[in-house]
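Hi,

Here is the structure I promised to pass on. Have a look first, and then read my notes below.

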Amino acid sequence: MDASRHAAALDAWGGLQVLVVGDVMVDEWRFADADRISREAPAPVLTLRRRQISAGGGGNAAANLAALGARAALAGVVGDDPAGERLAARLASDGVEDRMIRVPGRSTPVKRRLHAGGQIVAREDEPGGGPLPPAAVKALIRTLERAPEQVLVVADYGLGGLPEPLRRWLVRHRERFALIALDAHDLCPWRDLGPSVMTPSVGEAANATGLPRPAAELAQVLREDFAAGVVAVTLGSDGAVVVGAGTTHTTRAEAAPEAHTVGAGDAYLAAMTLALATGAPMPVAADIAQVAAAVGVACEGTCVCDIEPLRAALTGQATLVEADGLDRIVRRRRAEGARVVFTNGCFDVLHRGHVSYLRQARELGDLLVVAVNSDAGVRRLKGPDRPVVPVEDRVAVLAALSCVDHVVVFEEDSPAELIERVRPDVYVKGGDYPPELVPEAALVRRLGGEVRTLGYVPDRSTSAIIERIRAHRREPAS
C-alpha cells in the first residue's frame, strides 16, 4: 500500500456531510462469563459482566461514518418506545445527528446477543419494522427533500423502512445526490437507482444475478445491470473483489472470530463511501475499506472503526489523537461499558520502568489514554536541557506499546483540562507516594474517578539514565 495516498484520503474526508437512510435497530450485547454447569439442566450458568447498546442496521453505518470523521445524520423510522429511546441515546453518544421519525405504537427492532467464552451463545430478536403508515412515509421523503447532504447511504435490511414510494422518489431525484452508496440484503428492488457504489456480500450478489459465479464476474454483471459506478463483492475472511470502470482490484483479509464480525460490512461501506466521495481512486478506496473492516473486528460487540486506529493501520505510524477526537473515542467506548484509565507524564527516554507501569495501568481497565507533555512543557518542568527526546518520537514509542490505546499531547503544565474532558474511571500516576499526594487526586475524585499510584521498577528512571550517559561522556579517554 502507498501510505501517503491512503493518509491523504483520510485527511480529505474530514467533516464531509453524509446522510444515511433506511432500516434501523438496536444491537444489545450481554457479555458474560461461563462459571459452571447448572444443576437444573445441562446448560452453563452465565454471570453477566457488562451490557452494551449499539446502533444497528443503518444506525451502525452512521456510527462508523461519524467515527471516521464525517458529519453523519440518520433518517429512518422507529417506534416511540424504550428501544427507540435507547437507540437515540446511543446515536447521540456516537455523534450522529438524529433525524429519525417516531411512530407511536410501532416497535423498534432489537437484536439481543449473549456472548460468553469468546462466542455468541444465543440471540434473541424482538421483531419490529413492518409496513410504514403513509404519514411516516411522507415525513421520511420530506426529510430527504430538505437534506443538505450530497452523499447518501441507503441501508435496506428488509424491515420495511424503505417502502416503494420512497424508492421511486430516490430514482426520480437521483441527480439530487452526488454519490449514493447502496447496502441492501435484496438488491433487486434497487435496480433502477444507479448507485455510485454498492457493497453486496457474495451471497447477496449471487441472489441478485440469479446464478452462482466467481466474485469478479458477479461484480461485473451487477455493475452493468445496476448501472453502478463501483461494485465491491465482499467475501468475509477472503477479502473482497472490487470492480470499477475498466479496473478490478482484489483485497485480502485475515480471519476473525465470527462473534467479532457483526457490523464489519458497515465499517467497510462507510470507509469506501467516504474515500470515493472525496475523489480517492477505486483501488485506494478498496484498500482503506478493507483495513477499516479489519480494525472494526478487533473489538467486541458491533463493529465501529475509528479514524485514528485506521490511520495507524494504514500508515504504520503512530498518530496523535487531538482532544476533540479523544472526546469522541472515550464517549463511544464508555457507552460500550469500557473502563477508562488515564495517565500522564513526560516519558522522556522511555525505559523499563515506564513500560512496566503502563502495563499495570492498562490492566486496571479496558482503555488506556496516555497524555504526554509537549516539548515546551517538559522544558518548564525539567529545565532548558530537556527533553532529550522530541515529542514526536516520544509519542511514536508510546503508541507502539500494545498496552497503550491512545496518546494525546498537552501544552499546559497540568493535565487538568484533559482530565475534565476524559473523566477517567481510574487515574494512574507512577511513584511510591500515596494517592492523596497526587496533585490531580481531588479533581479526579470530584469527577467520580479512582486514583492509583504504581511503583516504578527499582533503580530505573530517566534522570538516572541521562546522568549515566553524561558521566560516560565526561570520562577521559583511556
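Let's start with cysteines: a disulfide here is a pair of cysteine sulfur atoms within 2.5 Å. By that rule, the count is zero disulfides. Cys-188 is partly exposed because its relative accessibility is 35%, between the 20% and 50% limits (buried is under 20% relative accessible area, exposed over 50%, with a 1.4 Å probe and protein chains only). Cys-303, at 1%, counts as buried.

Before going on, some housekeeping. This is a predicted model, where local features need pLDDT of at least 70 and side-chain atom pairs count only at pLDDT 80 or more, while totals for chains, interfaces and linings use all residues. Residues are numbered from 1 along each chain as its sequence is written, and side-chain values use heavy atoms, leaving out hydrogens and water.

Now the sheet. Helices (H or I, at least four residues) and strands (E, at least two) are DSSP runs, numbered from the N terminus. Four strands make an open sheet with mixed pairing, ordered β3-β2-β8-β9; two strands pair if DSSP finds at least two bridges between them. β3 (44–57) and β9 (119–126) are at the edges with a single partner strand each, so one side of each has no neighbour in the sheet. Strand β8 (residues 110–116) runs antiparallel to β9, and seven bridges join them. Within that pair, Leu-114 has Ala-122 of β9 as its bridge partner. Helix α3 (residues 82–94) packs on the sheet and touches β2 (24–37), β3 and β8 (contact means heavy atoms within 4.5 Å).

Two other helices are worth a look. In α6 (residues 202–209), the buried residues include Glu-204 and Thr-209, and the cover over the buried ones includes β11 (179–184), α7 (215–225) and β13 (230–234). Gly-210, just after α6, has a positive phi of about 90°. Among the buried residues of α11 (residues 323–335) are Arg-328, Arg-332 and Arg-333. Just after α11 comes Gly-337, with a positive phi of about 95°.

Finally, some backbone oddities. Most residues other than glycine have a negative phi, and most peptide bonds are trans. Phe-347 is not a glycine, yet has a positive phi of about 50°; it lies in the loop between β16 (340–345) and α12 (352–362) and is buried, at 5% relative accessibility. Arg-423 also has a positive phi of about 50° without being a glycine, but this residue is partly exposed, at 41%. The peptide bond from Arg-386 to Pro-387 is cis, with omega near 5°.

Cheers

Technical notes. The expected span of a helix is 1.5 Å times one less than its number of residues. Axes are lines fitted to C-alpha atoms, for helices over the stretch in contact, and angles run from 0 to 180 degrees between N-to-C directions.
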